[in-house]
Structure formats: C-alpha cells, structure tokens
Amino acid sequence: MEIRTPRLILRSARPDDLEAMHAVLSDPRATQWWSTPPHETLEQTQAWLEGMIANGPDQPDFVVELDGRVIGKAGFWRLPDVGYILHPDVWGRGLAAEAVGAAIDHVFRTRDIETLTADVDPENAASIRLLERLGFVRTGFAERTWEVGGVWKDSIFYALSRADRETKAPA
C-alpha cells in the first residue's frame, strides 16, 4: 500500500525501517507526547515495528517518507484512532498535516466508517492546532488517562466525521 502526496510517500512498514524509526522513537522531543517514553534500545523499536508490520498492509497505518528518507509514521494503528509522530528535524513544515490528511482521506475513501477520533495531551498545542486544522472538533476531556514513564497524562478527545472532513478540509 502506498499513498503519494505532493511531498511525501506514505507506505506500509518494512523491516528495513528499523534504524529510521528508532531515530524518531528514541528522540525525547518526538516522544514528549507519545504513549511511551523514548525507546532506549533498538530492540524496543524492533518490537514496535514488528507490531506495525503484523497489522498487515490492509491496516491504514503508514511509514512516512520525505525525499526517500523515513521521517515518522501517520495513520491508524487501530481504527478509528489517528496517530502520528515525525522526527523533530522536519517539524514546522506542514508535513504532519499533509501526512495525516492523506491517511484520513484514504480511510474515508476505502472504509465504511463515519467518524475518526484522536486523543491528545492538553499541553501538546501543535497537535491540537493540527487536528483542528484538519477539521477535528473537541468532544471531551479526561484526567489521568495515560501513564507514560510513571507520569499520568490527561487527554482531550477529538472527532472528525466524514461530513465534517468534506466541508472543513483545507484546500
């Protein structure tokens, strides 16, 4: 499975993505709001990558490439929850919006699903802006929903309906 955008390729994960994904998942800046602490070993990333691969090519969860280099992942490890992480070296260039938007559009084109969801840390202002820019609307808040590295995190919940994506999607 492969999706092309103006600057990116979103594709199924492969074993040879290990080093590049470890560079992302071991970076404390990238994982500041991720569901796990930074990966300390290549073996941790290998287990994570094997899980992504095991979900199969039909699962809409993608490795993201920029200019032939893996820079992160975007998609749905488990529908309907969207998830994404990019290496900090590429932040601030609109690549997350491009990748996540492409993954969302792919799901709405290929799946009989009416609403997608997201769970974001209230302190993750960049991710909140991204979700809202893509048309997601806030649906709730909960305290102490994730324990990451011994620290409890809160959640803001978002949803994006098929109809809202069609009317609110950026051009």
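# Salt bridges, helices and hairpins in a predicted model

Me: In this predicted model, which side chain meets that of Arg 4 in a salt bridge?

Reply: The N to O distance for this pair is 3.1 Å, inside the 4 Å cut-off for a salt bridge. Arg 4 itself is exposed, with a relative accessible area of 59%. The partner is partly exposed, at 43%. The side chain that meets Arg 4 is Glu 2.

Me: How many residues apart are the salt-bridge partners Asp 105 and Arg 165?

Reply: Their side chains meet at 2.8 Å, N to O. Asp 105 belongs to helix α3 and Arg 165 to helix α5 (residues 162-168), so the pair links distant parts of the chain. The separation is 60 residues.

Me: Is Arg 165 buried or exposed?

Reply: Its salt-bridge partner, Asp 105, counts as partly exposed at 29% relative accessibility. Arg 165 has a relative accessible area of 7%, and the limit for a buried residue is under 20%. Arg 165 is therefore buried.

Me: Which residue pairs with Arg 162 in a salt bridge?

Reply: Arg 162 lies in helix α5 and is buried, with a relative accessible area of 18%. The partner sits in the loop between α3 and β6 (115-120), so the salt bridge ties together parts that are 48 residues apart in sequence. At 47% relative accessibility, this partner counts as partly exposed. The N to O distance is 3.3 Å, and the residue is Glu 114.

Me: What is the distance between the end C-alpha atoms of α3?

Reply: Helix α3 covers residues 95-110, which makes 16 residues. At 1.5 Å a residue, the helix should span 22 Å. The model agrees with that expectation, because the end C-alpha atoms are apart by 22 Å.

Me: How many residues of α3 are buried?

Reply: The buried residues of α3 include Leu 95, Val 100, Ile 104, Val 107 and Phe 108. Glu 98 and His 106 are also among them. Helix α3 is largely enclosed by the rest of the structure, because the buried count, out of 16, is 12.

Me: What arc around the axis do the buried residues of α1 cover?

Reply: In helix α1 (residues 18-25), the buried residues are Leu 18, Met 21, His 22, Val 24 and Leu 25. Their arc puts them on the same side of α1. They pack against α2 (42-54), β4 (69-78) and β5 (81-86). The arc is only 160°.

Me: Which residue in the hairpin of β3 and β4 takes a positive phi?

Reply: Strand β3 (residues 61-66) runs antiparallel to β4, and six bridges join them. Leu 66 has Arg 69 as its bridge partner in β4. Two residues lie between the strands, and the one with a positive phi, near 50°, is Asp 67.

Me: Which residue in β5 stands opposite Arg 78?

Reply: β4 is largely enclosed by the rest of the structure, since seven of its 10 residues are buried. β4 pairs with β5 in the antiparallel sense over five bridges. The two strands form a hairpin with two residues between them. Opposite Arg 78 stands Asp 81.

Me: How many salt bridges does the structure hold?

Reply: Among them are Arg 4 with Glu 2, Asp 105 with Arg 165, and Arg 162 with Glu 114. The total for the structure is nine.

Conventions: Residues are numbered from 1 along each chain as its sequence is written. This is a predicted model: local features need pLDDT of at least 70, side-chain atom pairs count only at pLDDT 80 or more; totals for chains, interfaces and linings use all residues. Side-chain values use heavy atoms; hydrogens and water are left out. Helices (H or I, at least four residues) and strands (E, at least two) are DSSP runs, numbered from the N terminus. The expected span of a helix is 1.5 Å times one less than its number of residues. Buried means under 20% relative accessible area, exposed over 50%, partly exposed in between (1.4 Å probe, protein chains only). The arc is that of the directions from the helix axis to the C-beta atoms. Contact means heavy atoms within 4.5 Å. Two strands pair if DSSP finds at least two bridges between them.
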